[in-house]
Amino acid sequence: MLLENKIAIVTGGTRGIGYAIVREFLKEGATVVLCGSRQETVDKALSSLKAENAAWQVEGACPSLTDYAAVKAAFDAVEKKYGRIDILVNNAGVSASEKIGDYTAEMFQKTMDLNVTAVFNCTRAVVDGMKERHSGVILNTSSMVSRYAQPGGVAYPTSKFAVNGMTLALARELGPDGIRVNAVAPGITKTDMVAALPEQMIAPLIAQIPLRRIGEPEDIANAFVFLASDKASYISGQVLGVDGLARS
């Protein structure tokens with residue numbers, strides 16, 4: 001198993017791509033702490049995972065990711081219990097589609113807080129322990145729009161451009177400490193939101209993708225598994241597109 005005996009934290013791990021990441025990590029032998037925004041959704045995800053395999057080592061937490069003190073306390077509890085944190089996946093985020101004239105400063109800031117500040121807070125909370133052990137993997141969820149933008153919701157591609165920049169900067173800074181930092185940029189993926197779209201909206205999206213299908217959450221999760229594993233031990237500072245060569 002690629003992640004046997006690894007201790008991982010996955011934010012935004014209760015549904016969609018995050019849930020798929022948690023599930024694939026568990027299948028590869030990791031112990032996972034999944035983070036969600038509410039205890040209710042955390043408990044639901046844990047129940048579903050345990051129903052699938054009672055032997056999986058998984059637990060949950062729901063700190064406010066925009067509150068550094070709350071994140072630090074939650075992550076310190078994980079490190080105290082397991083002795084270390086090997087892998088951090090910064091997956092929590094929010095999208096947006098409003099046109100610039102309909103945007104408010106508060107709406108813009110909310111997207112930036114969860115998609116950028118939370119990544120900073122979570123990374124800051126684990127990095128000292130990783131430095132002490134001269135070992136660690138930090139993986140960030142970017143997006144295809146960080147490369148190709150989108151016609152609306154300007155805060156979302158802006159935030160993901162920032163995630164890419166943070167990924168590259170931290171890879172350079174933390175590499176000498178034995179810490180690898182990478183990002184995965186998913187394309188259109190069959191999450192609950194996309195699956196609910198009518199066929200007449202999905203078909204034109206698929207037509208733009210050379211592989212002629214949209215991604216499954218497992219397609220994205222498998223990229224995270226690879227980058228988290230020792231198979232990727234010489235890969236850092238990369239933003240891996242997993243989009244079927246999609247274009248926004």
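**Sheet and helix packing in a predicted model**

Biologist: Quick one on the sheet first: which residue stands opposite Gly60 in β3?

Modeller: Leu34 stands opposite Gly60 in β3, with strands being DSSP runs of E of at least two residues and helices runs of H or I of at least four, numbered from the N terminus. This is a predicted model, in which local features need pLDDT of at least 70 and side-chain atom pairs count only at pLDDT 80 or more, while totals for chains, interfaces and linings use all residues. Residues are numbered from 1 along each chain as its sequence is written, and side-chain values use heavy atoms, leaving out hydrogens and water.

Biologist: And how many bridges join β2 to β3?

Modeller: There are 4 bridges between strand β2 (residues 31–35) and strand β3 (residues 58–61), and the two run parallel; strands pair if DSSP finds at least two bridges between them. Together with helix α2 (residues 39–52), β2 and β3 make a right-handed β-α-β unit, meaning that, with the strands pointing away from the viewer, the path from the first strand over the helix to the second runs clockwise.

Biologist: Zooming out, what is the strand order of the open sheet?

Modeller: The order is β3-β2-β1-β4-β5-β6-β7, an open sheet of 7 strands with parallel pairing. β3 and β7 (239–242) are at the edges with a single partner strand each, so one side of each has no neighbour in the sheet. From one strand to the next the twist averages 20°, angles here running from 0 to 180 degrees between N-to-C directions, with axes as lines fitted to C-alpha atoms, for helices over the stretch in contact.

Biologist: Which strands do α2 and α6 touch?

Modeller: α2 packs on the sheet against β2 and β3, its direction making about 175° with that of β3, where contact means heavy atoms within 4.5 Å. Helix α6 (residues 155–174) also packs on the sheet, touching β5 (136–141), β6 (179–186) and β7, and its direction makes about 160° with that of β6.

Biologist: Switching to helix pairs: at what angle do α1 and α9 pack?

Modeller: Helix α1 (residues 16–27) and helix α9 (residues 217–228) pack at about 50°, with their axes 8 Å apart. They are therefore oblique to each other, the class left after roughly parallel (under 35 degrees), roughly antiparallel (over 145) and roughly perpendicular (65 to 115).

Biologist: Who makes that contact?

Modeller: Among them are Ile17, Ala20 and Ile21 of α1 and Ile220, Phe224 and Val225 of α9.

Biologist: What about α3 and α4, how do their axes cross?

Modeller: The axes of helix α3 (residues 68–82) and helix α4 (residues 105–133) come within 8 Å and cross at roughly 35°. The contact includes Tyr68 and Phe75 of α3, and Cys122 and Arg133 of α4.

Biologist: Last one: how far apart are the axes of α1 and α2?

Modeller: They are 12 Å apart, at an angle of about 35°. Tyr19 and Leu26 of α1 are among the residues in contact, as are Ala45 and Leu49 of α2.
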